[in-house]
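Got the structure open in your viewer? Here is a short walk through it, one selection at a time.

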Amino acid sequence: MACLHDHSCEDHDCSSDWSLYKHIDLSKVTALNEAVPGSVKSVFKAWEERLNTSGEHLKSNEGDPELLVYIPRAHEEFVLIDCDRFTSDVKIKSISVVGGADGTSPSKMRVFINREGIDFSDAEGTQAIQEWELVENLQGVLEYQTRYSKFQSVANITLHFPENFGGDKTQIHYIGLKGEATQLKRDVVATIVYEITPNPSDHKTKAEHGGGLSHVE
């Protein structure tokens, strides 16, 4: 698929440079209808490892190909000396999915952003922000571009895979998100400074200013 940037991809590893893998909070990634609890975490890895199918991978329960994957971004917080607080803002440009062979790859993907606690009923009854008809991407060379203007300020993203290419279960070996993580959101924390030891120079006596009593207790 065409590169998302305005330079020659022969001189740049674009997939690694724009990967949001390090901005995903893996500890909070979950999936509904996964056959092995927690296995969804294994599909998020570096771009260079996307074709490594020797380890654990995500698969649905036998006879039910539907999967729902919830992906929160990691909350990056930087507290500065003046107590200004910045949090990371994620923009998603494209999504890549490497599925299984023999009809087990997902054939459709629906996406929801900034929605927590979605179940299958919610997904089926809610309009997705974008949908794609997928193809079997066993070599990991295809990406699905988002409607970029709708994928700004993403705190979490939910991927709904309702069906596959005819297999008894759905298998996914890799999910990759590309985009940018920029520090755009700013929360200012108010601070109060208390004067513990008064500075004498800040408390001039009346005598020093030419009148009145000069003795200050």
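Start by selecting β3 and strand β9 (residues 156-161): six bridges join these two strands, which run antiparallel. Keep in mind as you click around that this is a predicted model. For a landmark on this seam, pick I71, whose bridge partner in β9 is I157.

Now stay on β3, residues 67-72, and colour by accessibility. Is this strand enclosed or open? Six of its six residues are buried, so β3 is largely enclosed by the rest of the structure. Show the side chains next. L67, V69 and I71 point one way from the strand, while L68, Y70 and P72 point the other way. Both sets are buried. That zigzag is a familiar pattern: in a regular strand the side chains alternate between the two faces of the sheet.

Next, turn to the other neighbour of β3. Select strand β1 (residues 30-32), which is joined to β3 by three bridges and runs antiparallel to it. To find your way along this pairing, look for T30, which stands opposite Y70 in β3.

Time to zoom out. Which strands make up the whole sheet, and in what order? Five strands form an open sheet, ordered β1-β3-β9-β6-β7, and the pairing is antiparallel. At the edges sit β1 and β7, each of which pairs on one side only. If you want to look at the twist, neighbouring strands of this sheet are turned by 20° against each other on average, direction ignored.

Walk over to the β7 end. Four bridges join β6 to β7, and these two strands run antiparallel. Select M109 and you will find its bridge partner, W132, in β7.

While you are there, show the charged side chains. Side chains of opposite charge can pair when their charged atoms come close. R110 and E131 do this, meeting in a salt bridge at 3.1 Å, N to O. The pair links distant parts of the chain, with R110 in strand β6 (residues 108-113) and E131 in strand β7 (residues 130-133), 21 residues apart. How accessible are the two partners? R110 counts as buried, at 9% relative accessibility, whereas E131 counts as partly exposed, at 39%. Add K108 to the selection as well: K108, R110 and E131 are linked in a network of salt bridges.

How many salt bridges does a search of the whole structure find? The count is four, so keep going, with two more stops to make.

Select K93 and E180. Their side chains meet in a salt bridge at 3.9 Å, N to O. K93 lies in strand β5 (residues 84-99) and E180 in strand β10 (residues 171-188), so the pair ties together parts that are 87 residues apart in sequence. K93 is buried, with a relative accessible area of 15%, while E180 counts as partly exposed at 28% relative accessibility.

For the last stop, stay with β10 and pick K178. K178 forms a salt bridge with E143, and the closest N and O atoms are 2.1 Å apart. This pair also links distant parts of the chain: E143 is in the loop between β7 and β8 (144-145), K178 is in strand β10, and they are 35 residues apart. Buried or exposed? Both E143 and K178 are buried.

Key
Residues numbered from 1 in each chain as written. Predicted model: local features only at pLDDT ≥ 70, side-chain atom pairs only at ≥ 80, totals over all residues. Heavy atoms only, no water. Buried < 20%, exposed > 50% of the residue type's maximum accessible area, 1.4 Å probe, protein only. Pairing = 2+ DSSP bridges. Axes fitted to C-alpha atoms, helices over the stretch in contact; angles between N-to-C directions.
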